[in-house]
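The following exercises concern a single protein chain and are to be worked with its sequence and structure in view. Each task is followed by a solution in steps.

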Amino acid sequence: TLRVLNSYWVAQDAAHKWYEVVMVDPYHKVIRDDPRVNWICKPTMKHRELRGLTSAGRKGRGLFNKGTRATKLRPSVRASYRRRNLMRLRRYR
C-alpha cells in the first residue's frame, strides 16, 4: 500500500502527457521514523492524488497563481461557483 508523496510533469507530445510520481510506503520503519517525511503516515494523507494535493494536481487546479488572477480559484473552483450562485434568503420573510 503505497502513498503518493508528490508528482510532477516530465514530458508531453501531441496526444499524451507523462508525469513522474514519487510514492512511499507509509508502513516502512524508515519512513515512520523520519520526522521530515512521517506526515505521510497520517490517515488524512490518503489519496492525496485524487484530491489534487500533489504538485501537479495543484498546478492543474491553478493554485500556483497569486493575487487577482486567483480570486475565482480559492478555496476551489467549485466552492467559489457555489458562493457566487447560491440564493441566500432570509429565514423570516
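**Exercise 1. A nonpolar surface patch**

Is L2 buried or exposed, and what is its relative accessible area? Place L2 in the chain and identify the patch to which it belongs.

Solution.
Step 1. The model is a predicted one. In this model L2 has a relative accessible area of 52%. Exposed means over 50%, so L2 is classed as exposed.
Step 2. With regard to secondary structure, L2 belongs to the segment before β1, a strand that covers residues 3-12.
Step 3. On the surface, L2 joins W9, Y19, V21 and M23 in a nonpolar patch. Together these residues offer about 520 Å² of accessible area.
Step 4. Strand β2, residues 17-24, supplies the largest share of this patch, namely three residues.

**Exercise 2. Overall fold and extent**

Determine the order of the secondary structure elements and decide whether the chain is as compact as a globule or more spread out.

Solution.
Step 1. The chain contains three helices and two strands.
Step 2. Along the sequence these elements follow the order β-β-α-α-α.
Step 3. For 93 residues the globule rule gives 12 Å, whereas the radius of gyration of the chain is 19 Å, well over that value; the chain is therefore more spread out than a compact globule.
Step 4. The C-alpha trace spans about 60 × 40 × 25 Å along its principal axes.
Step 5. As for burial, 19% of the 93 residues count as buried.

**Exercise 3. Salt bridges**

How many salt bridges does a search of the whole structure find? For each, report the N to O distance and the exposure of the partners.

Solution.
Step 1. The search of the whole structure yields two salt bridges.
Step 2. One of them pairs D33 with K29, with 3.0 Å between the closest N and O atoms. Both residues belong to helix α1 (residues 29-33), where a spacing of four residues corresponds to about one turn of the helix.
Step 3. Both partners are exposed: D33 has a relative accessible area of 52%, and K29 has 59%.
Step 4. Another salt bridge links the side chains of D34 and R36, at 3.8 Å from N to O.
Step 5. Here the exposure classes must be assigned one by one. D34, at 21% relative accessible area, is partly exposed, because the buried class requires a value under 20%. R36 is exposed at 69%.

**Exercise 4. Backbone features**

Which residues does a cis peptide bond join, and which residue has a phi near 55°? Locate both features in the chain.

Solution.
Step 1. As a point of reference, most residues other than glycine have a negative phi, and most peptide bonds are trans.
Step 2. The peptide bond between R74 and P75 is cis, with omega at about 0°. P75 is situated in the loop between α2 (55-60) and α3.
Step 3. H47, a residue other than glycine, has a positive phi, near 55°. H47 belongs to the loop between α1 and α2.
Step 4. The relative accessibility of H47 is 49%, and H47 therefore counts as partly exposed.

**Exercise 5. The loop between α1 and α2**

Assign I40 and K42 to exposure classes, and relate each to a residue elsewhere in the sequence.

Solution.
Step 1. I40 lies in the loop between α1 and α2, and K42 is found in that loop as well.
Step 2. I40 has 0% relative accessibility and thus counts as buried, whereas K42 is partly exposed at 46%.
Step 3. From I40 to D25 the C-alpha distance is 9.0 Å, at a sequence separation of 15 residues.
Step 4. From K42 to R32 the C-alpha distance is 9.9 Å, at a sequence separation of 10 residues.

**Exercise 6. A positive surface patch**

Which residues form the positive surface patch, and how many Å separate the C-alpha atoms of R88 and N38?

Solution.
Step 1. The positive patch consists of K72, R83, R84 and R88.
Step 2. R88 is located in the segment after α3, a helix that covers residues 77-85.
Step 3. With a relative accessibility of 58%, R88 counts as exposed.
Step 4. R88 and N38 are 50 residues apart along the chain, and 43 Å separate their C-alpha atoms.

Technical notes
Residues numbered from 1 in each chain as written. Predicted model: local features only at pLDDT ≥ 70, side-chain atom pairs only at ≥ 80, totals over all residues. Heavy atoms only, no water. Patch = residues over 30% accessible without salt bridge, like charges linked within 9 Å, V, L, I, M, F, W, Y side chains within 5 Å. Areas by Shrake-Rupley, 256 points an atom, 1.4 Å probe, with all protein chains shown as cover. Salt bridge = Lys/Arg side-chain N within 4 Å of Asp/Glu carboxyl O. Buried < 20%, exposed > 50% of the residue type's maximum accessible area, 1.4 Å probe, protein only. Lys, Arg positive; Asp, Glu negative; His and termini not counted. Charge placed at Lys NZ, Arg CZ, Asp CG, Glu CD. Rg over C-alpha atoms; globule rule 2.2 N^0.38 Å.
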